[in-house]
Amino acid sequence: MASKENRRITDMGTLKALAHPLRMRLYRLLYVSRTATASHLADQVDEAVSLVSYHLRKLADHGLIEQADPQSEDGRERWWRPASDGLSIHDEDFSDAPEKAAAHAAASRLIHEQRSELYRRHLDTRSHWSAEWKSASLDSEYLARLTAAELAELSGELHALLKKYDARGRAAEAAGDSEGRENVALHVYGFPFRV
């Protein structure tokens with residue numbers, strides 16, 4: 001994966017390029033696998049290689065992914081990787097015009113739908129995981145009384161903690177320690193609400 005920091009999406013063109021259901025799935029799969037070809041990804045999303053190639057090029061046009069070094073001797077294969085170490089989209093970058101706010105809301109809903117689908121698949125298949133993985137998995141809800149500043153502080157601390165564990169896992173895997181290591185999704189939402 002590219003060594004660049006998290007990329008903050010601030011323009012409508014890039015947001016719209018990412019906010020396509022198949023492109024978002026492809027980006028997520030590519031982020032998890034770190035490198036892949038259109039053929040590898042097409043198998044995972046059950047789509048034609050030509051369609052996947054088209055959508056990968058669209059992601060590349062907006063700098064979301066980039067070509068990776070070849071991973072095989074087949075010179076015809078084009079390998080891709082994420083162009084940054086994650087993406088972020090912030091409300092304040094899209095709140096100055098109604099059409100921007102609507103595009104941001106649509107992208108956020110799509111992200112949430114895909115995250116929910118990932119969790120639903122886990123619920124449907126968790127009986128196939130070992131007792132160790134079932135015990136380690138979590139599903140929690142905390143309802144707290146915070147100020148906006150406290151929520152922002154909490155968010156920063158959670159982000160730092162997650163980055164620490166991700167870096168530890170990647171370093172261990174790079175050193176050959178892949179025994180028992182799986183992809184893990186952790187979805188955290190923090191938002192105000194009134195009852």
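The legends below describe an overall view and several close-up views of a predicted model.

**Figure 1. Overall view of the predicted protein chain, with its seven helices and five strands.** Followed along the sequence, the elements of the protein chain come in the pattern β-α-α-β-α-α-β-β-β-α-α-α. The C-alpha atoms fill a box of roughly 60 × 50 × 30 Å along the principal axes, and buried residues account for 23% of the 195 residues in the chain. Of the contacts between residues at least 6 apart in sequence, 66% join residues at least 24 apart.

**Figure 2. The largest nonpolar core, a set of 25 residues.** The members that touch the most other members of this core are Leu18, Leu26, Leu41, Val52, Leu56, Leu59 and Ile65. Helices α1 (12-18), α2 (21-33), α3 (38-45), α4 (49-61) and α5 each contribute at least two residues, and α2 gives the most, with five residues. Leaving out residues up to four places away in sequence, Leu59 touches Ala17, Leu18, Arg23, Leu26, Tyr27, Leu64 and Ile65.

**Figure 3. Surroundings of Arg23, a buried residue of helix α2.** Although Arg23 is buried, this residue has no salt bridge, and the nearest side chain of opposite charge, that of Asp61, is 8.4 Å away. The side chain of Arg23 is instead joined to the side chain of His55 by a polar contact of 2.9 Å. When residues up to four places away in sequence are not counted, Arg23 touches Lys16, Ala17, Leu18, Tyr54, His55, Lys58 and Leu59.

**Figure 4. Gln114 of helix α5 (residues 98-125) and its contact with Pro21.** Gln114 counts as buried because its relative accessibility is 12%, which is under the 20% cut-off. A polar atom of the Gln114 side chain lies 2.9 Å from the backbone oxygen of Pro21. Beyond its neighbours within four places in sequence, Gln114 is in contact with Pro21, Met24, Arg25 and Arg28.

**Figure 5. Two salt bridges, Arg8 with Glu92 and Arg81 with Glu66, among the 10 in the structure.** In the bridge between Arg8 and Glu92, the closest N and O atoms are 2.8 Å apart. This pair links distant parts of the chain, with Arg8 in strand β1 (residues 7-9) and Glu92 in the loop between β5 (87-89) and α5, 84 residues apart. Arg8 counts as partly exposed, at 38% relative accessibility. The closest N and O atoms of Arg81 and Glu66 are likewise 2.8 Å apart, and this pair joins strand β4 (residues 79-82), which holds Arg81, to strand β3 (residues 65-67), which holds Glu66, across 15 residues of sequence. At 26% relative accessibility Arg81 counts as partly exposed, whereas Glu66, at 18%, counts as buried.

**Figure 6. Helix α7 (residues 148-174) and the salt bridge between Arg170 and Asp166.** The 27 residues of helix α7, at 1.5 Å a residue, should span 39 Å, and the end C-alpha atoms are 39 Å apart, so the two values agree. After α7 comes Gly176, which has a positive phi near 95 degrees. The side chains of Arg170 and Asp166 meet at 3.0 Å, N to O; because these residues are four apart in helix α7, about one helical turn separates them. Asp166 counts as partly exposed, at 32% relative accessibility. Asp166 and Val184 are 18 residues apart in sequence, and their C-alpha atoms are 9.8 Å apart in space.

Note on methods
Residues numbered from 1 in each chain as written. Predicted model: local features only at pLDDT ≥ 70, side-chain atom pairs only at ≥ 80, totals over all residues. Heavy atoms only, no water. Buried < 20%, exposed > 50% of the residue type's maximum accessible area, 1.4 Å probe, protein only. Polar contact = N/O pair within 3.5 Å; in protein donor to acceptor, adjacent residues only side chain to side chain. Contact = heavy atoms within 4.5 Å. Core = buried A, V, L, I, M, F, W, Y, C linked by side-chain atoms within 4.5 Å. Expected span 1.5 Å × (residues − 1). Lys, Arg positive; Asp, Glu negative; His and termini not counted. Salt bridge = Lys/Arg side-chain N within 4 Å of Asp/Glu carboxyl O.
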